[in-house]
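These are my notebook entries on one structure. I record what I looked up, entry by entry.

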Amino acid sequence: MIKKQQRDDISLQDKVDDIAVEKGIRQILDAIADIKKPPKPIDRTKWEAFRVDKKIPDDNGLLQDRVTYWVLRYYRYIEMQFKQGERTSLLRFKKVQNEVSQCFETFDEANMPQREIFERLVKWLEDQTDCHNRDALEAMISFFVQNCEVFNETPE
């Protein structure tokens, strides 16, 4: 049983290792990591699009709180960084979006719990970009949770 699990994990890791992420994303991760004074958090009462709780159920409260924090604090900043990257042709947002979505789908098909999927996505992004700033990596994956590439809405 343990050997089968290890083989499955290796097979899964091989699949996601083949999903290369746009190199320009590293500049966005570096920009997040280099922020001296974080942007003001978004007032959740003024942002109707904020629905992390629709994707991460309350019984997974710690993950929901962590993703909510990063979304409220950095979503608009990351969005702006992607727009700047596209204007300067450093990266293509649609391509990054598809890469993250493909990686998520690979983990989701393995029926992993959301917390494990989130952790593996952070690790995948770290491996792909050689960025070792955990906060920047979590903020980026949280951006994609909010942006719908990671986690599907859960039925109420």
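**Entry 1: helices α4 and α5**

I began with the axes of α4 and α5, which come within 10 Å and cross at roughly 135°. Axes here are lines fitted to C-alpha atoms, for helices over the stretch in contact, and angles run from 0 to 180 degrees between N-to-C directions. Helices (H or I, at least four residues) and strands (E, at least two) are DSSP runs, numbered from the N terminus. I noted that α4 and α5 are therefore oblique to each other; angles under 35 degrees count as roughly parallel, over 145 as roughly antiparallel, 65 to 115 as roughly perpendicular, and the rest as oblique. The crossing of α4 past α5 is right-handed. A crossing is left-handed if the near helix is turned anticlockwise from the far one by less than a right angle, and right-handed if clockwise.

I then listed the residues that meet: Glu99, Val100, Cys103, Phe104, Phe107 and Asp108 on the α4 side, and Ile117, Arg120, Leu121 and Trp124 on the α5 side. Contact means heavy atoms within 4.5 Å. Sorted by class, this contact of α4 with α5 has seven nonpolar, no polar and three charged residues. For the classes, Ala, Val, Leu, Ile, Met, Phe, Trp, Tyr, Cys and Pro count as nonpolar, Asp, Glu, Lys and Arg as charged, and the others, Gly among them, as polar.

**Entry 2: basis of the values**

I am reading a predicted model, in which local features need pLDDT of at least 70 and side-chain atom pairs count only at pLDDT 80 or more, while totals for chains, interfaces and linings use all residues. Residues are numbered from 1 along each chain as its sequence is written, and side-chain values use heavy atoms, with hydrogens and water left out.

**Entry 3: the chain as a whole**

I counted the secondary structure as six helices and zero strands. The pattern along the sequence is α-α-α-α-α-α. Buried residues make up 46% of the 156 residues in the chain; buried means under 20% relative accessible area, exposed over 50%, and partly exposed in between (1.4 Å probe, protein chains only). Of the contacts between residues at least 6 apart in sequence, 77% join residues at least 24 apart.

**Entry 4: helices α3 and α5**

I next took α3 (residues 61–87) and α5 (residues 114–129), whose axes come within 9 Å and cross at roughly 40°. This angle makes α3 oblique to α5. Their crossing is left-handed. Leu63, Arg66 and Val67 of α3 make the contact with Gln114, Arg115, Phe118 and Glu119 of α5. By class, I recorded three nonpolar, one polar and three charged residues in the contact of α3 with α5.

**Entry 5: Glu138**

I asked which residues Glu138 is in contact with, leaving aside its neighbours within four places in sequence. They are Arg66, Trp70, Phe118 and Val122. Glu138 lies in helix α6 (residues 134–146) and is buried, with a relative accessible area of 6%. Arg66 and Phe118 also appear in the contact of α3 with α5.

**Entry 6: two glutamines**

I found Gln97 in helix α4 (residues 93–109), where Gln97 counts as buried at 13% relative accessibility. Not counting residues up to four places away in sequence, Gln97 touches Phe144, Asn147 and Glu149.

Gln13 has its place in helix α1 (residues 2–17) and is partly exposed, with a relative accessible area of 27%. With the same sequence neighbours left out, up to four places away, Gln13 touches Arg120 and Asp127. The C-alpha atoms of Gln13 and Thr106 are separated by 9.4 Å, with their positions 93 residues apart along the chain counted as the distance apart.

**Entry 7: cysteines**

I checked for disulfides, a disulfide being a pair of cysteine sulfur atoms within 2.5 Å. By this rule the count is zero. Cys103 is buried at a relative accessible area of 0%, and Cys131 is buried at 2%.

**Entry 8: positive phi in the loops**

Which phi value does Ser89 have? I noted that phi of Ser89 is near 60°, a positive value in a residue other than glycine. Ser89 is found in the loop between α3 and α4 and is exposed, with a relative accessible area of 64%.

Asp130, also not a glycine, has a positive phi of about 60°. Asp130 is placed in the loop between α5 and α6 and counts as partly exposed at 49% relative accessibility.
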